[in-house]
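Here's a quick tour of the strands and charged side chains in this model. Have the structure open while you read.

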Amino acid sequence: MEREFYVSVELYVSAKAAAALKKPPTKKTSNDKRDNAARGTPSGGGEGASKKVKEKTSWLGIGRSSTGAGQWRPARCKLVEEEEGCLLNIYVDDTILYRSIYMYLLNHTDIRAIHRSLFDRRNCLGIFSVAGQVRGAAPPTEPLYIQFEDEDAANIWLALLRSYAMPEVYGRWLSPEDGGLYRMWRQVDLTCIQGRNLGVTRPLSDEPSVADQDPKVDADAIDMDVYCEIFANGVLSGRTTVKKGIGSPDWHERFVLSDLPPFENLEIVVWREKRLSKPAILGTVVIVLVNFRRGETVEGWFPVLHGGQASSTQVGEMRLKVRVDEEIILPYHAYARLLKTLHSRNHLDWMRDLESKLKMKNVNNNILSVAIAKNVLLENIMELADREVDGTLSSHNTLFRGNTVFTKTVELYMSWYGMAFLEVSVGTTIRRLCSEKVAIEVDPVRIGKGPKAIEKNVELLVTWCREFWVHIYAARTQCPPELRRLFEHIRKLVENRYRIRDDQNRELPWQSVSAFCFLRFIVPAILHPHLFGLLPGLPDVPIQRSLTLIAKVVQSLANLNPTVQKEEYMRGVKDFLNDSLHAMIDYIVVVSTPEVGSKAPSTPQTSDQHERLRIMNALRQRGATTPVLYREAIPLLPHLLDIPRHLAIITSVVVRYSRTQNFQPNKSAGPEDKFFSEFSSRCLEVEEQALFRVSKLAAKPRRQHSEPAIFPIPPMPANIPLPPSPSSPMKMSSRGRKLSNARARARKPSRPSTVSSSPDRSPGSRRESTSRKPRNTPAAEMEPVTLFQSPALSSPSPSPAAEAFGERVLRPRPPFIHHPRSSSTDSPLARNRVPDPLMSPTSESSVELTDDPAKKRRNIFRSILTRR
């Protein structure tokens with residue numbers, strides 16, 4: 001049965017695509033060409049001016065102001081499900097077909113969310129295709145960017161489109177009951193912290209930079225405006241804000257790029273803006289992701305190279321923080337024993353144990369996701385609150401002021417459910433203050449002016465405090481029900497435990513609510529709006545000072561403290577605090593009282609709501625007929641949860657940290673230690689199961705074409721040529737820059753980058769010399785390392801399964817470049833920690849190493865995961 005789904009979106013139309021839409025196809029005659037040549041005009045008559053405009057937009061790409069490069073236009077998407085496949089049609093002006101995409105030819109990684117910094121828009125999806133997968137007016141390799149009305153619509157359509165695309169599943173013919181052995185997931189978490197000496201040219205050497213020797217020296221720094229563009233596998237994925245300064249800009253901007261195709265390179269291109277001219281490239285930081293250690297954060301100074309990866313000229317340094325994750329995800333049933341152990345106690349207790357015993361802090365979101373899927377997170381938080389509030393007189397002054405597992409979890413909980421509420425409360429006001437460049441200073445020492453100037457600034461501070469408070473108070477009714485239930489429990493808990501009767505402690509329940517709603521949510525968002533997605537980047541220093549002063553006043557109001565006791569110059573806001581005190585109490589009461597009977601009057605469903613319900617029903621129907629791994633690869637709505645993925649991350653991190661911390665289970669320990677020992681054992685079981693599946697795939701030959709598929713694959717239309725199977729989307733316009741050598745290689749079939757690359761590598765790719773240090777290694781970590789010692793094979797005592805697997809006789813194979821990594825990118829084999837190069841080794845040196853018989857025996861692992 002044919003089904004159709006519709007949604008209204010905003011579509012990004014590039015200048016080239018817009019010209020193709022406007023220009024009807026015309027046939028040129030030989031006489032026209034001769035006439036044009038005689039007049040000295042280019043073929044096409046009056047297109048000379050348009051070509052000049054096109055040349056100008058070529059360097060803008062999809063620049064920060066999209067007016068020159070393209071425009072956003074209303075469009076309508078129509079997804080048609082047919083017997084032979086699924087087609088996505090995008091129409092502009094209701095009738096003009098802009099593009100048709102064969103969704104069943106795409107991979108899941110070709111459909112992903114777009115970072116907000118690219119267009120300064122939320123709720124955008126990108127669809128990346130190659131020739132043969134798309135037809136229409138726009139160039140086939142040009143990415144499609146669409147923006148949805150809200151987050152819910154974007155999430156629903158992301159799940160719907162991926163339900164028709166192909167997940168990255170391996171070993172389909174070896175485990176037909178699951179649809180495959182496992183699937184893959186990848187993510188890069190990059191923070192651009194700051195730069196130094198940008199624009200200062202010097203030879204690249206092993207010597208520490210001038211700034212390393214003397215932080216006060218900034219060698220011949222140049223005053224310029226700079227920004228960075230982030231390319232993942234050659235695709236423009238993010239952009240920092242423009243910073244002005246003398247070669248040392250501060251960004252502190254984070255980019256989380258998830259659901260990536262097999263890793264190639266991560267490039268940070270540093271641009272210099274000039275007035276009345278094109279931006280110019282200063283240089284590039286190239287990080288080879290293939291051999292970057294998984295699951296660990298690397299922070300340091302990376303050289304900015306001018307002229308590409310092989311250049312020996314440095315034009316400054318970038319301080320970056322990079323974390324690369326790549327996980328093998330098993331079917332859900334493989335985690336059954338782990339889930340049973342995880343659900344056997346409060347999930348937040350696991351967070352506390354992981355932090356205290358293994359010093360782990362980076363899996364909290366994954367544990368929260370599992371609790372949300374189980375629908376027990378709020379119950380777990382309330383249970384922890386009951387333990388924390390002991391009712392003693394000595395604790396009421398510090399109630400909820402400490403940095404405990406409970407308070408950290410509530411912060412994550414508020415960020416999960418309350419971001420839309422935060423945006424309505426303070427987002428618009430913060431952006432207006434920044435756009436107007438409001439600089440407030442009331443400290444007599446800092447301002448350096450007379451009393452009249454201080455009085456004027458205090459008045460300006462009160463004006464903006466009122467502006468913030470008006471919007472915060474007006475948004476109180478939009479507090480989400482999840483936060484209201486939590487705040488209500490905290491308020492009533494404090495009332496009961498402390499038995500509030502006298503006037504002295506009457507305000508304690510209200511202050512306990514404000515300790516979360518303001519102290520840990522709204523006020524930090526005012527102080528650091530870029531960390532909460534309210535601003536694209538770090539505000540200028542004068543604006544940061546203005547936000548700090550406003551945050552202090554708002555926090556004093558939230559503390560129900562109208563007397564500002566610390567700074568003498570802040571006493572000018574006392575009248576504002578006294579006037580707003582009753583409104584603050586009303587605000588706290590409203591956000592800590594769940595709405596009763598709000599759903600009683602039934603409102604008629606809108607067409608959009610009806611369409612979303614149809615989509616969710618269609619997803620349930622499709623999930624019932626697809627194999628296990630295919631069904632589980634579709635994220636769960638409404639929060640796009642992927643429970644097997646969260647469990648895979650938890651498992652690999654626990655195993656990795658257990659080895660790093662040399663954790664040894666104590667059989668004679670107390671009940672809590674026994675719980676944690678069981679949890680660690682379950683994680684090791686999952687890791688061994690992953691290794692078994694990987695070994696099973698490597699030991700079996702590739703499925704022959706004559707063998708049947710797991711489930712019927714819809715035939716491809718006869719008029720569509722078979723496209724290459726892209727492991728990553730085709731590259732965007734590089735704006736004239738030289739990309740790394742990995743960019744020029746032919747596309748390979750989709751495969752995990754945890755294994756060796758294709759042996760037929762062109763000689764031109766062997767450009768790096770083994771004597772040259774890695775270009776993308778932080779200056780702080782440039783030390784002699786063993787470039788070709790595989791972390792997964794460095795253990796002297798591998799597991800029995802690995803030993804048995806390693807004894808197989810190998811056929812002669814060409815040398816490999818990539819290092820093997822097993823199931824969770826950290827082998828289940830025990831291993832010693834070694835320094836990790838961030839650069840992929842060269843081909844020449846791997847030729848030398850394959851002559852070693854011991855190394856040759858290990859090469860069997862290099863075939864792991866290469867067969868699908």
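Let's start in the middle of a sheet: E10 and strand E15 (residues 250-258) pair in the antiparallel sense over seven bridges. Strands (E, at least two residues) and helices (H or I, at least four) are DSSP runs numbered from the N terminus, and two strands pair if DSSP finds at least two bridges between them. Gln-194 has Asp-250 of E15 as its bridge partner.

Before going on, a word on provenance: this is a predicted model, where local features need pLDDT of at least 70, side-chain atom pairs count only at pLDDT 80 or more, and totals for chains, interfaces and linings use all residues. Residues are numbered from 1 along each chain as its sequence is written, and side-chain values use heavy atoms, with hydrogens and water left out.

**Around E10**

Strand E10 covers residues 182-196, and 15 of its 15 residues are buried, buried meaning under 20% relative accessible area, exposed over 50%, and partly exposed in between (1.4 Å probe, protein chains only). E10 also runs antiparallel to E19, with 13 bridges joining them; in that pairing Gly-195 sits opposite Met-318. Strand E9 (residues 169-170) is another antiparallel partner of E10, joined by two bridges, and there Val-169 faces Arg-183.

**Around E12**

Strand E12 (residues 223-232) is mostly covered too, with eight of its 10 residues buried. Its antiparallel pairings fit in a small table:

| Partner of E12 | Bridges | One bridge pair |
|---|---|---|
| E13 (residues 235-239) | four | Ala-232 with Val-235 |
| E14 | four | Asp-223 with Ile-246 |
| E16 (residues 265-273) | eight | Cys-228 with Val-270 |

E12 and E13 form a hairpin with two residues between the strands, and Asn-233 takes a positive phi near 55° there.

**A lysine without a salt bridge**

Strand E14 spans residues 243-246 and includes Lys-243. What does a buried Lys-243 have nearby in place of a salt bridge? Its nearest side chain of opposite charge is Asp-540, 4.7 Å away. For that search, Lys and Arg count as positive and Asp and Glu as negative, while His and the chain ends are not counted. A salt bridge needs a side-chain nitrogen of Lys or Arg within 4 Å of a carboxyl oxygen of Asp or Glu. The side chain of Lys-243 does reach the backbone oxygen of Leu-538, at 2.6 Å. Leaving out residues up to four places away in sequence, Lys-243 touches Met-224, Asp-225, Val-226, Pro-249, Asp-250, Trp-251, Glu-253 and Leu-538, where contact means heavy atoms within 4.5 Å.

**Salt bridges elsewhere**

The whole structure holds 39 salt bridges. One of them joins Glu-299 and Arg-319, with the closest N and O atoms 2.6 Å apart. Glu-299 is in strand E18 (residues 297-305) and Arg-319 in strand E19 (residues 313-329), so the pair ties together parts that are 20 residues apart in sequence. Glu-299 is partly exposed at 35% relative accessibility, and Arg-319 is partly exposed at 27%.

Arg-545 and Glu-441 also meet in a salt bridge, at 2.8 Å from N to O. Here Arg-545 lies in helix H17 (residues 541-558) and Glu-441 in the loop between helix H12 (419-435) and helix H13 (444-447), so this pair ties together parts 104 residues apart in sequence. Arg-545 is buried, with a relative accessible area of 14%, and Glu-441 is buried with 14% as well.

Arg-431 pairs with Glu-423, the closest N and O atoms being 2.4 Å apart; Arg-431 is partly exposed, at 28%. There's also a network of salt bridges that links Arg-345, Asp-349, Arg-352, Asp-353, Lys-357, Glu-383 and Arg-387.

**The eight-stranded sheet**

Finally, an open sheet of eight strands has the order E5-E6-E8-E1-E2-E3-E4-E7, with antiparallel pairing. Strands E5 (111-113) and E7 (134-136) stand at the edges with a single partner strand each, so one side of each is left without a neighbour in the sheet. Neighbouring strands are turned by 30° against each other on average, direction ignored. Within this sheet, E3 (residues 85-92) and E4 (residues 96-102) run antiparallel and are joined by six bridges, with Tyr-91 partnered by Leu-97 of E4.

Key
Polar contact = N/O pair within 3.5 Å; in protein donor to acceptor, adjacent residues only side chain to side chain. Axes fitted to C-alpha atoms, helices over the stretch in contact; angles between N-to-C directions.
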